[in-house]
Amino acid sequence: MNILDKIVAHKKIEVERDKVRTTYTQLEESEYFHRETYSFKEFLLAPERTGIIAEFKRKSPSKGIINDDALVKDVTKDYAAAGASACSVLTDYGFFMGRKMDVTRARRATNIPILRKDFMIDEYQVIEAKSLGADIILLIAAILTPAEIKNLAGLAKSLELNVLLEVHNLEELERSIDSNLDAIGVNNRNLADFTVTVENSFKLAEHIPNEFMKISESAISDTETIKQLKAAGFNGFLIGENFMKQQDPGAAMREFVKGL
Ligand SMILES: O=C(O)c1ccccc1NCC(=O)[C@H](O)[C@H](O)COP(=O)(O)O
């Protein structure tokens, strides 16, 4: 069983448990459920922002513990002040030490879009994302059928959530395109064996239809790469470990953007 299969197997159990702990009615009673979300596209294209989607990530299957000291409210506030176009907040606990409340803490600390980063397999998680205060959800093509993507993206749009689809190769891209998506992210990390190469983004760029925002995800650690990705048509750059491995991730981002 590869890591993605393991994560999804855990997630199925977790979601069924959560449905009992917090009902749909309780989710819809959240103060955030009826809020107007931020437009991912507007923040990605805003000239005063950097296009960086800065991630709060304590731990990962590929690297183990990255930073378990930093506080989500401080880091996301500092990311926003450093020019992030959005913050990505991992909510999976078992593999990433993320917490659902981290999204709400980031929501309270910032006025930029928040991506709820998790392994979305069920409508419940989409409704939950809205109730936590998220603006964007992630759908991973490698773990969803085209029909599931259509359904989850359609539900997200009906809740005014933005949808980022993550692909790793051309086959996933071609089978997963849907009109309810806002952005397509090319993951430079192979989630089955953890190898990374930014070449993956350059290879897939021209195949992503122009109506979608283009995001390059993972293994980005220098501003030269961002300049090259921009030239190849990318609008967004998802960066986690490069900032989180520093004691002060917000300060690390502030320093990094000076090179853009
Ligand atoms: O990061 C991992 O090890 C990982 C393993 C299995 C599934 C997902 C994984 N990461 C999620 C992400 O997509 C990254 O956190 C994100 O793209 C940022 O990557 P990086 O800048 O390399 O931390």
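Note to self before the strands: I call two strands paired if DSSP finds at least two bridges between them. Also worth remembering that this is a predicted model.

**Entry 1: β9 and its neighbours.** I started with β8 (residues 183-187) and β9, and found them parallel, joined by five bridges. For a reference point I noted A183, which sits opposite M213 in β9. Then I looked at the other partner: β9 also pairs with β10 in the parallel sense, here over three bridges. There I picked out E217, which faces L238 in β10.

**Entry 2: how the chain gets across.** I traced β8 through helix α9 (residues 199-205) into β9 and got a right-handed β-α-β unit. Carrying on from β9 via helix α10 (residues 223-231) to β10, I again had a right-handed β-α-β unit.

**Entry 3: burial of β9.** Is β9 buried or exposed? I checked residues 213-217 and five of the five are buried. I split them by direction: M213, I215 and E217 point one way, K214 and S216 the other, and all are buried.

**Entry 4: the ligand.** I listed 19 residues around the ligand, with S60, S62, S218, G240 and E241 the closest. By class, the shell has eight nonpolar, six polar and five charged residues. I also checked which elements feed the shell: β10 (236-239) and α11 (241-244) each give at least two residues.

**Entry 5: the record.** I looked up UniProt, where an unreviewed entry annotates residues 4-255 as "domain: Indole-3-glycerol phosphate synthase". In the model, that span is 42% helix and 17% strand, and its end C-alpha atoms are 34 Å apart.

Methods: Residues are numbered from 1 along each chain as its sequence is written. This is a predicted model: local features need pLDDT of at least 70, side-chain atom pairs count only at pLDDT 80 or more; totals for chains, interfaces and linings use all residues. A residue is near a molecule or strand if its C-beta atom, placed from the backbone, lies within 6 Å of it. Helices (H or I, at least four residues) and strands (E, at least two) are DSSP runs, numbered from the N terminus. Ala, Val, Leu, Ile, Met, Phe, Trp, Tyr, Cys and Pro count as nonpolar, Asp, Glu, Lys and Arg as charged, and the others, Gly among them, as polar. UniProt positions are given in the numbering used here, feature names are shortened, and annotations may be inferred rather than shown by experiment. A residue is buried if 20 or more other C-beta atoms lie within 10 Å of its own, exposed if 12 or fewer, and partly exposed in between; C-beta atoms are placed from the backbone. A crossover is right-handed if, with the strands pointing away from the viewer, the path from the first strand over the helix to the second runs clockwise.
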